[in-house]
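Colleague: Could you take me through the aromatic pairs in this model, please? I would enjoy a close look at how the rings sit against one another.

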Amino acid sequence: MREGQPWAKDPDEDLLQEACGVVGVMAAAQELPVAQLTYSALAGLQHRGEGAAGIVIGEENFGGFRFVGIKDTGMVADVFSDRAATIDKMASSAILGVGHVRWPTSAQAGDPFHAAQPFLKGELVVAQNGHIEEMGRIAEQYGIKNYVSDGDALTQTLEFLSRPEHAGSTLDAMHDLFPRLDGGYSLVIAEPNRIHGIRDPWGTRPLWLGRFATGAFMIASEQPVLHEAGKVTDEREIAPGEIVSIDRHGNTESSLINREAKGGLCALEGVYFARPDGILDGRSVYQSRMEMGRLLAREHPADADVVIGVPDSGTIAAMGYAEESAIPYAIGLFRNPYTTRTFIQSSPEVRRRMVLEKLRPNRQVIEGRRLVVVDDSIVRGTSSDALTEVLRSAGATEVHYRISSAPFVNPCYSGTAISNPHTLFARKYPTHQERVAKLGADSLGYLSTEGVAQAQGKRIGSLCMACMDGSYPFEVPLPVSERRILPVQPTNR
């Protein structure tokens with residue numbers, strides 16, 4: 001978020017958003033279609049950002065080096081739909097590529113084109129996933145005042161510190177700057193003939209490194225895109241606080257950000273953001289979501305006829321709930337792929353109508369039955385409130401919501417678009433009775449924070465769940481009275 005706007009309007013009414021997905025490719029002296037590889041990887045990360053997309057490639061040019069790129073608002077296929085020839089031409093002599101897909105967070109939504117990434121400043125390219133708190137204030141200490149986002153401020157600051165009269169190198173500049181940064185982030189940073197992958201000291205956002213049979217390297221937000229790009233001979237998750245540097249000859253160097261950090265991966269990566277065919281901290285995302293459903297069934301059983309999931313994010317947890325409860329699972333909702341995003345509709349009533357048009361009920365499953373409806377989260381309540389209307393109209397006799405995360409009652413400072421706690425459903429309606437009544441449901445059950453951690457093979461304290469429990473991994477710029485906004489009474493009853 002921009003400085004001075006801590007409670008800027010979130011860009012979507014009831015959708016978890018994360019900024020964003022990143023890719024880096026180093027050809028390592030091989031003649032490879034770098035831009036095409038970067039494009040393909042971005043397509044595999046489309047779920048991490050539909051607001052904008054961009055690619056910057058680096059190529060040797062007349063004995064020197066230059067960066068050229070394309071970025072714009074929209075989906076990956078839309079941004080590059082009529083530019084295939086340009087990409088092919090760019091790829092002919094490229095040795096490295098950086099790509100980015102973006103969700104806007106808070107105030108950045110008002111300036112979508114200029115906030116699109118990657119950012120290019122001088123001979124430095126930066127693609128960022130996440131958010132760096134007060135990056136603008138830090139940049140201004142170096143006389144940098146014109147920036148459109150924290151990622152832009154970071155790019156300009158690193159470029160300034162990399163100059164010979166300061167740190168003297170990009171890697172030295174990173175080791176100077178990163179120990180002072182708060183926030184959750186994964187980064188791909190490129191300079192002439194070298195590329196870097198960086199993960200914050202808490203390991204909040206995922207980042208993977210893969211080496212291909214060709215000798216090329218790829219850095220990406222998620223593991224599955226590595227395998228979609230080619231035959232992987234070696235892969236690993238970049239460690240929390242690690243900077244991996246790769247030059248054009250395939251030489252790699254690893255160093256650590258010098259900062260003590262406690263916390264861990266954002267719990268919502270396992271709940272919602274990450275692809276279900278991927279791995280997070282060594283654990284299958286699919287298995288984690290299945291276990292969330294099983295634990296939900298143990299914590300919040302229901303007397304019902306059928307279990308359905310809210311597509312697509314609630315489907316796997318719904319299968320786990322059905323397996324544990326021995327209640328049949330069925331597809332009760334189909335998502336309409338042709339609707340317009342709800343956040344761009346100006347009228348609240350129009351936004352509600354768009355939500356109703358997103359989900360198509362399967363009357364063969366719903367009519368005359370008591371439903372367990374499994375979803376990953378309730379952010380602001382818009383979708384769930386409208387969904388109850390859809391299900392009742394389709395003939396459901398009872399609607400029992402089961403949510404595979406704990407209630408969101410706190411703002412996020414690590415890249416998820418949960419900036420204003422006063423708009424959050426669980427904060428606005430702090431008691432269990434109020435929440436059930438607002439949803440028009442027969443019952444409601446959230447997975448406990450202990451369950452969220454256990455399902456991902458973790459313990460409390462080894463995941464970041466600040467949006468749920470108020471335990472931030474670093475100091476946040478809020479009054480003490482706002483730092484731990486806990487539910488008024490137990491919510492898992």
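Modeller: Happy to; here is a walk through two of the aromatic pairs, with a little background on the chain.

Please keep in mind that this is a predicted model. The protein chain has 493 residues, and 60% of them count as buried. Its secondary structure comes to 18 helices and 23 strands. Among contacts with a separation of 6 or more, 69% join residues 24 or more positions apart.

Now to the rings: searching the whole structure turns up 8 aromatic pairs. One of them joins Y39 and F80, whose ring centres are 5.7 Å apart; the planes meet at 90°, so this pair is edge-to-face. Y39 belongs to helix 1 (residues 34–44), while F80 sits in the loop between helix 2 (76–79) and helix 3 (84–91), so the pair ties together parts 41 residues apart in sequence. Y39 counts as partly exposed because its relative accessibility is 23%, whereas F80, at 4%, counts as buried.

Another pair is formed by Y142 and F160. Their ring centres lie 5.6 Å apart with the planes at 50°, so the pair is tilted. Here Y142 is in the loop between helix 4 (135–140) and helix 5 (150–161), and F160 is in helix 5 itself, so the parts tied together are 18 residues apart in sequence. The burial of these two is worth a careful look, since the cut-off for buried is under 20% relative accessible area. F160 is buried at 19%, and Y142 counts as partly exposed at 24%.

Terms used. Residues numbered from 1 in each chain as written. Predicted model: local features only at pLDDT ≥ 70, side-chain atom pairs only at ≥ 80, totals over all residues. Heavy atoms only, no water. Helix = DSSP H or I, 4+ residues; strand = E, 2+ residues; numbered from the N terminus. Buried < 20%, exposed > 50% of the residue type's maximum accessible area, 1.4 Å probe, protein only. Contact = heavy atoms within 4.5 Å. Phe/Tyr/Trp six-rings, centres within 6.5 Å; stacked < 30°, edge-to-face > 60°.
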